Amino acid sequence: MTRLPIFDAKERTSTEAGRHSESTYAFLDRIAGQHWAAARELMQAWADRVVTDEDYHDLRARLRSKDDYQFRSAFLELYVHECLLEAGYDVTVHPQLEGTSRRPDFLAVRGDERIYFEAIAPGVAPADQAAASRRGVLFDTVNRLADPNFNLWLDDLVEGASPPSAAKLRQELGKWLSQLNPDDYPRLEEAPEYRWQRDDWAATFKAMPKAKHARGPVEPGDRAIGVYAHEPVRMINDAPAIRDALATKQSAYGDVGAPFCIVVGMYIWDTDHHHSTNALYGHEGVQFGETLEGARISRLVREPNGFFGAPPMWAHRNVSGVLLVNQLQPYSVPRADVTFWRHPDPHHDLPADFSPPGVTVELVDGVITETEPRSGYDFFRLPEPWPPGEAWPDD
């Protein structure tokens, strides 16, 4: 069977940034420049190391999908496959297990070592995906306005149930902006507003004057919306999303007779690993008490609601470790935030030297500890910086 490339061979001239309604594959397939070409070449080089044609073509089809969930899921699997190869393992894709027709994503073998892996990139509900698509149409259409004197501040967005009349909105905004003088609004709080309502959609736009040196003819790819302030302020707690993703896989195969690891691809802002720690080891709380002398004391404790449970009744012991891969994209491979969490008391111990890129987290003498980060550049033998060249060169 002939292996077709992931990306078609063609001349690429587009330098426009990604659009809201554009899939990741569509963006990578059209964007020109050495920076983006390197990401495409890396994907192809990794995919070429998949042994069977059947597995290669399945992976290729999902990477080329217009559905970003399919793309993220396929690229996460490709990333894990490459991690295992770089660590010196022989990798079988979708190995057979006794007693079930279900197959995990990978079996990694190195000498007498056997480790099974299952990867998941949590998606979004179909209704949420459809709503995001409708918003994307609105944002992309308005962005093509690109006024020479103003940027727009989007505020107070009310989303409708069907695609908006965005082209008409762009015309109305263009007419409104053409009647404004940017020098009349030296302070942002004085910026004029335009309230738009159509069917069940509504939005408020503020006209923000551009600096004088930035005014004039717009360049291809310039965007009209400079500030997206339509989302309400809210507290973020990503721990439940991590636990929910793990719950869908933790009992899929039972005890496979060897170490079993779950890989979760996430897109969260958890740079201090606070939410991840809560998800795996339980939420942090404060315990109050009193000494024999009557003095009140307090201490930090972890609640027993983490995926690993709590001593002495550890939970999900069939899962030897959890690999969290955060903010992974083909053009940010060595910079992805990767953490590997070893189970404190698994049924099957992982090799002591198993260490993917990033940070390894484990419980040592009752204390959660992190190793020094293992460089993604070194692990994948990529030059620093990578990708080469500028993503958005001035010319």
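Strands β2 and β3 form a hairpin with two residues between them, and in its turn G111 has a positive phi of about 65 degrees; helices (H or I, at least four residues) and strands (E, at least two) are DSSP runs numbered from the N terminus. The model is a predicted one, in which local features need pLDDT of at least 70 and side-chain atom pairs count only at pLDDT 80 or more, while totals for chains, interfaces and linings use all residues. Residues are numbered from 1 along each chain as its sequence is written, and side-chain values use heavy atoms, with hydrogens and water left out.

Within this hairpin, β2 (residues 106-110) and β3 (residues 113-120) run antiparallel and are joined by five bridges, two strands being counted as paired if DSSP finds at least two bridges between them. One of the pairings places F106 opposite its bridge partner F117 in β3. On β1, V91 has A108 of β2 as its bridge partner, and β1 and β2 pair in the antiparallel sense over four bridges. Strands of a sheet pair through backbone hydrogen bonds, either parallel or antiparallel.

The hairpin belongs to an open sheet of eight strands with mixed pairing, in the order β1-β2-β3-β8-β13-β14-β15-β16. Its edge strands are β1 (90-93) and β16 (367-370), each of which pairs on one side only. Neighbouring strands of this sheet are turned by 20 degrees against each other on average, direction ignored; axes here are lines fitted to C-alpha atoms, for helices over the stretch in contact, and angles run from 0 to 180 degrees between N-to-C directions. Towards the β16 edge, β15 (residues 359-364) and β16 pair in the antiparallel sense over four bridges, and V364 finds its bridge partner in V367 of β16.

Helix α8 (residues 274-281) lies across β13 (321-326), β14 (337-342), β15 and β16, running at about 20 degrees to β14; contact means heavy atoms within 4.5 Å. This helix is mostly covered, with seven of its eight residues buried, where buried means under 20% relative accessible area, exposed over 50%, and partly exposed in between (1.4 Å probe, protein chains only). The buried residues of α8 are H275, S276, T277, N278, A279, L280 and Y281. Just after the helix, G282 takes a positive phi of about 100 degrees.

A second open sheet has four strands in the order β5-β6-β4-β7, again with mixed pairing. The edge strands are β5 (193-198) and β7 (225-229), and each pairs on one side only, while neighbouring strands are turned by 25 degrees against each other on average, direction ignored. Between β5 and β6 (residues 201-209) the pairing is antiparallel, over six bridges, and E193 stands opposite K206 in β6. Helix α6 (residues 166-178) packs on this sheet, touching β4 (150-158), β5 and β6, and its direction makes about 155 degrees with that of β5.

The spaces in the model are of two kinds, defined on a 1 Å grid over the protein atoms alone: a cavity is a set of points where a 1.4 Å probe fits but cannot get out, and a pocket is an open set with protein on both sides within 12 Å along at least five of seven lines, lining residues having an atom within 4 Å of a point. Grid points are joined across faces, edges and corners, and a volume is the space filled by probe spheres set on the points. The largest pocket has a volume of about 2100 Å³. Of the 40 residues that line this pocket, the closest to its centre are D68, R72, V124, A132 and Y267. The elements that give two or more residues to its lining are α1, α4 (68-86), α5 (126-143) and β8 (260-266), and the largest share, seven residues, comes from α5.

The structure also holds four cavities of 30 Å³ or more, and about 120 Å³ of space lies in the largest cavity. Its lining includes V93, H94, D105 and F106. Helices α3 (53-63) and α4 each supply at least two lining residues, with α3 giving the most, four residues.

E22 is found in the segment before α1 (24-30). This residue is buried, with a relative accessible area of 13%. Not counting residues up to four places away in sequence, E22 touches F27, R30 and D68.
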